[in-house]
Amino acid sequence: MFTVSTSPLLHPSIRNNAFMPRRCIGHIRLHTTPSIRGCTLSIRSSSSPDAGFTCIDGKKEGKSISDEIKIEVSRMDASIHVVPGLAVILVGDREDSASYVRNKKKACESAGIKSVDVCLPEDSSEEEVLKYVLSFNNDPTIHGILVQLPLPSHLNEHNILKAINPKKDVDGFHPQNMGLLAMRGREPDFVPCTPKGCIELLHRYNVEIEGKRAVVIGRSNIVGMPVAHLLQNEDATVTTIHSKTKNPEEITREADILIAAAGQPNMVRGSWIKPGAVVIDVGINHIDDLNAPRGRRVVGDVCYEEACKVASAITPVPGGVGPMTIAMLLSNTLTSAKRIHEFE
Ligand code: NAP
């Protein structure tokens with residue numbers, strides 16, 4: 001049984017129920033919304049395990065960001081008659097990818113962003129995919145280009161991502177943007193959406209990052225690697241765990257901030273978590289559950305029921321990082337359009 005005391009991570013203003021101006025990462029310029037007014041992240045006791053525990057509400061934060069973006073999109077349209085445009089290229093018929101693309105389209109529509117989807121058959125050649133990428137690079141009504149990953153295995157992901165104009169690379173996966181993210185003192189044009197969403201949640205819940213021990217499980221280009229760079233850029237001391245790491249639980253137990261992006265259902269148990277830690281669960285895993293309406297349900301990489309007895313705050317799955325990923329995509333698309341049209 002863990003005894004949990006005041007979280008060392010919480011900014012004093014949270015403990016006093018007051019708000020400090022929220023910081024922004026990358027190019028998002030969002031308001032300093034007092035998004036968690038009334039939350040108490042600080043006090044927890046072993047006799048009342050859930051007292052003071054915070055469920056980090058990505059759905060609510062994502063909606064609030066999307067609402068702000070919608071206002072900015074209308075302002076831009078009214079002032080210079082430009083609507084941000086996002087092009088999404090989907091190759092193949094993976095059900096999960098098709099569903100992400102549908103969600104992105106819906107989110108664009110509700111924020112007033114123009115969205116153009118290209119759905120190509122599984123056996124498309126690299127040249128066919130590149131043809132669309134290049135045409136969107138040259139299309140002045142398109143400000144963001146996203147190639148849905150993973151691509152079918154016969155396609156060279158590197159060649160295709162590298163063909164996207166880095167100034168329209170709203171997913172942030174172009175090697176130039178990835179490289180700049182990894183360099184001290186440099187800033188990429190775009191930061192990948194899921195990692196950016198994780199950090200934005202930490203900011204919105206006023207979690208202190210500087211000087212804290214952060215552990216990231218996973219080192220993929222999409223999540224683990226960029227989120228580790230972002231945490232390091234914010235002066236956390238970062239350790240990355242991967243599939244060959246021995247005794248990962250010994251490392252995670254030292255983390256003030258734990259970000260799990262391994263794609264392994266319920267891998268992180270309560271005993272892996274430092275009391276009072278803030279946990280961001282990126283994992284989206286489908287598991288069988290005979291009690292669920294369709295016999296399956298979605299869980300994260302963290303065993304939520306155990307984690308919420310130990311952590312001071314955690315993102316749920318679903319409803320945590322997922323909605324933030326989409327909100328960050330809208331934000332990157334708006335930023336791109338503003339930059340291209342020099343609109344303040
Ligand atoms: P990925 O490309 O498969 O990478 C997984 C990473 O986790 C790899 O670095 C792997 O290590 C590591 N790993 C796997 N098993 C491990 C284990 N048992 N112990 C320690 N490390 C382990 O996956 P991804 O694209 O980064 O996605 C990770 C998860 O996040 C998935 O569940 C995915 O669905 C989810 N996701 C969610 C969002 C969202 O918006 N919420 C967005 C993207 C992804 P190696 O490098 O050694 O192989």
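**Entry 1: the ligand**

I began with the ligand and found that one of its oxygen atoms is 2.7 Å from an N or O atom in the side chain of arginine 219. I note here that this is a predicted model. I then looked up threonine 325, where an N or O atom of the side chain is 2.7 Å from an oxygen atom of the ligand. At valine 282 I turned to the backbone, and there a polar atom is 3.5 Å from a nitrogen atom of the ligand. On its own the ligand has 920 Å² of accessible area, and I recorded that the protein covers 70% of that.

**Entry 2: the shell around the ligand**

Next I asked myself how many residues surround the ligand. There are 21, and the closest are Arg219, Ser220, Ser243, Ile284 and Thr325. Sorting the shell by class, I listed 9 nonpolar, 11 polar and 1 charged residues. I also wanted to know which helix gives the largest share of this shell. That helix is helix 11, residues 321–340, which supplies 3 residues.

**Entry 3: helix 7 and helix 11**

Since helix 11 had come up at the ligand, I followed it to helix 7, which spans residues 193–204. The axes of these two helices come within 8 Å and cross at roughly 110°. Angles of 65 to 115 degrees count as roughly perpendicular, so helix 7 is roughly perpendicular to helix 11. From helix 7, I wrote down Cys193, Thr194, Lys196, Gly197, Cys198, Glu200 and Leu201 as the residues that meet helix 11. On the side of helix 11, the partners are Val321, Met324, Thr325, Met328, Leu329, Ser331 and Asn332. I marked Thr325 in this list, having already noted it among the closest residues to the ligand. By class, the contact between the two helices has 7 nonpolar, 5 polar and 2 charged residues.

**Entry 4: the backbone in three loops**

I then went through the loops, starting with leucine 149 and proline 150, which are joined by a cis peptide bond with omega at about 0°. Proline 150 lies in the loop that runs between strand 4 (144–147) and helix 5 (157–163). A cis peptide bond also joins valine 317 and proline 318, again with omega at about 0°. For proline 318, I placed the residue in the loop between strand 11 (313–314) and helix 11, the helix I had followed in the entry above. My last stop was asparagine 266, a residue other than glycine whose phi has a positive value, near 55°. I located asparagine 266 in the loop between strand 7 (257–260) and strand 8 (278–281).

Notes
Residues numbered from 1 in each chain as written. Predicted model: local features only at pLDDT ≥ 70, side-chain atom pairs only at ≥ 80, totals over all residues. Heavy atoms only, no water. Near = heavy atom within 4 Å. Polar contact = N/O pair within 3.5 Å; in protein donor to acceptor, adjacent residues only side chain to side chain. Areas by Shrake-Rupley, 256 points an atom, 1.4 Å probe, with all protein chains shown as cover. Helix = DSSP H or I, 4+ residues; strand = E, 2+ residues; numbered from the N terminus. Nonpolar A, V, L, I, M, F, W, Y, C, P; charged D, E, K, R; others polar. Axes fitted to C-alpha atoms, helices over the stretch in contact; angles between N-to-C directions. Parallel < 35°, antiparallel > 145°, perpendicular 65-115°, else oblique. Contact = heavy atoms within 4.5 Å.
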